[in-house]
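Here is a short briefing on one protein model. Look over the sequence and the fold, then read the points below.

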Amino acid sequence: MTLNDPINKLKGVGTKTADLFSKLKVNTIEDVLSLVPRGYSNYDEPVDINDATFGSRVAIEAVVQSYVEVKKVRKLTLVTCIVKDFTGSVKLVWFNSPFLKNVFHIGQTYVFVGTISLRKGQLTMDHPEYYTRQQYETLTSTLWPIYPLTEGLSNKTVTKVVKSALVLVDDMKETLPEQIISQYKLMPRKEAIRGVHFPENREAVMECRKRLIFDEFFFFIARMRRVREKTIKAQNRYCINDFSLAKGFIENLPFELTKGQQEAVDNIWQDISGDTVMNRLIQGDVGSGKTAVAEIAILSVVGSGYQAAFMAPTEVLATQHYMTLLRDFENYNIKVALLVGSTKLSEKRKIYESLAAGEIDVIVGTHALIQDKVVYNNLALVITDEQHRFGVRQRTVLAQKGEEPHVIVMSATPIPRTLAIIMYGDLDISVMKDMPSNRKPIKNCVVGPKYRPTAYRFMGEQIEMGHQIYIICPMIEAGENVEAENVIDYAEQLEEYFGNKAKVVYLHGKMSAQEKNMIMDDFAEKKTDILVSTTVIEVGIDNPNATVMMIENAEKYGLAQLHQLRGRVGRGDAQSYCIFLCSSDSKQAKDRLEILNKSNDGFHIANEDLKLRGPGEFFGVRQSGEVLFELGDIYNNADILKMANEAVDYAIQNDCDINLPEVDEIGISL
Ligand code: ADP
Ligand code: MG
């Protein structure tokens, strides 16, 4: 058996299991070993039912009190049973496991592990694991991996398969140069892989993960340096000197550009009139007016007869940008088109044709813009908005489509400068620090759930004044379907509360792009008052009439993400408010939210956040958006990022052999 063998070579793995694994992109034995747990479960000593904290995983030891009931509810089989200890009772609920009827009998004692919540006045535990006392004791002495899963594949199965694959762990190749390993005192890769699956204790996990995260960062940075070498020397094929069209546009804007906007525009003009191609990151906090800068850049190249592409991470956002460009370019003889996944096929074909013929000047869209089918006539500028959603690397794909067009990447991620230099080492950076002068700072508050009725009353007043509201729905850990139901439930309750005083709508990730677009359009046109949403709303949406943002379970999000969410309000000249509803009593959670409460400045927040985290918090709140890395989080693991950056320098200076794959994991070649 070798690492390259398919996993059904392993004992006990059939084709059915192998198929499920392939959904996780795990096909070979090496893939199994590379599957890193996303956490570990401690089996703690059971607690009294009365002392169990809601919402987190607990073990209880309890006696079966009732017969097991099996009920059909729509397509589900529901199995329920009451258990109790000396302090209280809990209703256990399982789905689709009718065989349990023959497992539990009145009077037996088991240890049940799961999350307790209060439902209709009754403590409830959904889908608990169950063990005899004896079985449980062997568990408490071990740290158990929790793997990424897919429907039909249980953690138990994955654990078993990993365990049998471990016989080959010594064949796992070292990826880093010898010198780097000794210089930075890293553990051998195969040790890290072995340890990350079945670690002895938490400290051991940290060390192993550290090594694997180091790998991710190291190769990312090394690759980026290589890209930089290429792009920095690339000749400017679209030298543009005539900015009269763009200048006219600036003069006719209903506002003065901020200092930051003006500087960004100057940087861009200098770049595109220079000798080498432009690769620029425009970093500007939410609401700083990046779209206007994009429009000016677009007019600059279109004015010289070239094409421009404007790419956004979601259809909703792409559509919004398209509408903005149509509005703002109305008096210019410029053809703007929209190309997204849900565009009709016949329409798409037409767009491809006109793009190739050069009849379209500006194309706005999602990643549909970078598919092979799309051929440009003379693409001179590519702008990607909120680019962190794409991953920095996808940028190269689009860049390769034209003949090395100028590239602008726009990001609101308030990433501290020290990290930005590392992460965006292949880009020049313009930072827009100031906000448009008509803005009033957002008023914030951090409150507990008791404040909810007051918040609703306040929203009522704002709606009466003609303003609109966003509510980010409570976060639920389970599957996405639950999340959707949760949004719908919440919206229904609000509807009941507001009656005919407010029109409530909701939005969640499971909706089709068209549905989402429609809901956003209605909201923009003020046909609706309150938008209840999951965090799908976080990026870029611009509705200056919305003045209240309320975020339920604020403690569960990263600060950067919360700041993004808050940025949906305070975009016009009316006073805006952000209510962070914190459902946790933990001091740490409150301290973190206090940072947001006191400041509206994204860069300040990011720096404070970094300080508060301290190095090596692997399982802290993951920052949204930064989906570049599988394991590493540039905030939580900032120290490793810095170390990896140094190591790349060291490797280059010492001529170490860095084995960079020609093509990276998402298929982009060097
Ligand atoms: P972001 O940087 O978050 O993408 P937008 O580009 O969406 O921000 O701009 C937010 C709002 O501010 C828009 O409604 C835009 O028209 C407005 N705006 C942009 N620049 C200025 C400015 N210099 N003065 C006043 N309002 C501006
Ligand atoms: Mg924007």
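Is Asn553 buried or exposed? Asn553 is buried, because its relative accessible area is 11% and buried means under 20%. The model is a predicted one. The points below cover backbone outliers, cores, helix packing and two helix residues.

**Positive phi outside glycine**

- Asn553 is not a glycine, yet its phi is positive, at about 55°.
- Asn553 sits in the loop that runs between strand S21 (546-551) and helix H18 (559-566).
- His127 also is a non-glycine residue with a positive phi, here about 45°.
- The loop holding His127 links strand S7 (122-126) and strand S8 (129-131).
- His127 has a relative accessibility of 40% and so counts as partly exposed, since that class lies between 20% and 50%.

**Nonpolar cores**

- The largest nonpolar core contains 74 residues. Phe214 and Phe218 have the most contacts inside it.
- Helix H7 (residues 202-233) supplies the largest share of this core, with twelve residues.
- Another core lies apart from it and has 73 residues. Among them are Phe249, Ala318, Leu325 and Ile537.
- Which residues does Phe214 touch, leaving aside neighbours within four places in sequence? Phe214 is in contact with Leu176, Ile180 and Leu186, and also with Ile640, Met643, Ala644 and Ala647.
- As a general rule, nonpolar side chains in soluble globular proteins tend to be buried together.

**Packing of H10 with H11**

- Helix H10 (residues 290-302) packs on helix H11 (residues 315-328) at an angle of about 60°. Their axes are 11 Å apart.
- That angle makes H10 oblique to H11.
- The crossing of H10 past H11 is right-handed.
- From H10, the contact uses Thr291, Glu295 and Ile298. From H11, it uses His321, Thr324, Leu325 and Asp328.
- By class, the residues of this contact are two nonpolar, three polar and two charged.

**Packing of H8 with H10**

- Helix H8 (residues 244-252) packs with H10 at an angle of about 150°. Here the axes lie 7 Å apart.
- The pair is roughly antiparallel, because its angle of about 150° falls in the class over 145 degrees.
- H8 brings Leu245, Ala246, Phe249 and Ile250 to the contact. H10 meets them with Glu295, Ile296, Leu299 and Ser300.
- The contact of H8 with H10 has six nonpolar residues, one polar and one charged.
- Glu295 of H10 takes part in the contact with H8 and in the contact with H11.
- Phe249 of H8 meets H10 and is one of the residues in the core of 73. Leu325 of H11 meets H10 and is also in that core.

**Two buried helix residues**

- Gln462 belongs to helix H15 (residues 452-464). Its relative accessible area is 5%, so Gln462 is buried.
- Not counting residues up to four places away in sequence, Gln462 touches His467, Ile469, Thr547, Val548 and Tyr577.
- Leu610 lies in helix H20 (residues 602-613). At 17% relative accessible area, Leu610 counts as buried.
- Leaving aside neighbours within four places in sequence, the contacts of Leu610 are Pro416, Leu419, Tyr635 and Ala638.
- Leu610 and Ser586 are 24 residues apart along the chain, and their C-alpha atoms are separated by 19 Å.

Definitions and conventions
Residues numbered from 1 in each chain as written. Chains lettered and ligands numbered in written order. Predicted model: local features only at pLDDT ≥ 70, side-chain atom pairs only at ≥ 80, totals over all residues. Heavy atoms only, no water. Core = buried A, V, L, I, M, F, W, Y, C linked by side-chain atoms within 4.5 Å. Buried < 20%, exposed > 50% of the residue type's maximum accessible area, 1.4 Å probe, protein only. Helix = DSSP H or I, 4+ residues; strand = E, 2+ residues; numbered from the N terminus. Contact = heavy atoms within 4.5 Å. Axes fitted to C-alpha atoms, helices over the stretch in contact; angles between N-to-C directions. Parallel < 35°, antiparallel > 145°, perpendicular 65-115°, else oblique. Left-handed = near helix turned anticlockwise from the far one by under 90°. Nonpolar A, V, L, I, M, F, W, Y, C, P; charged D, E, K, R; others polar.
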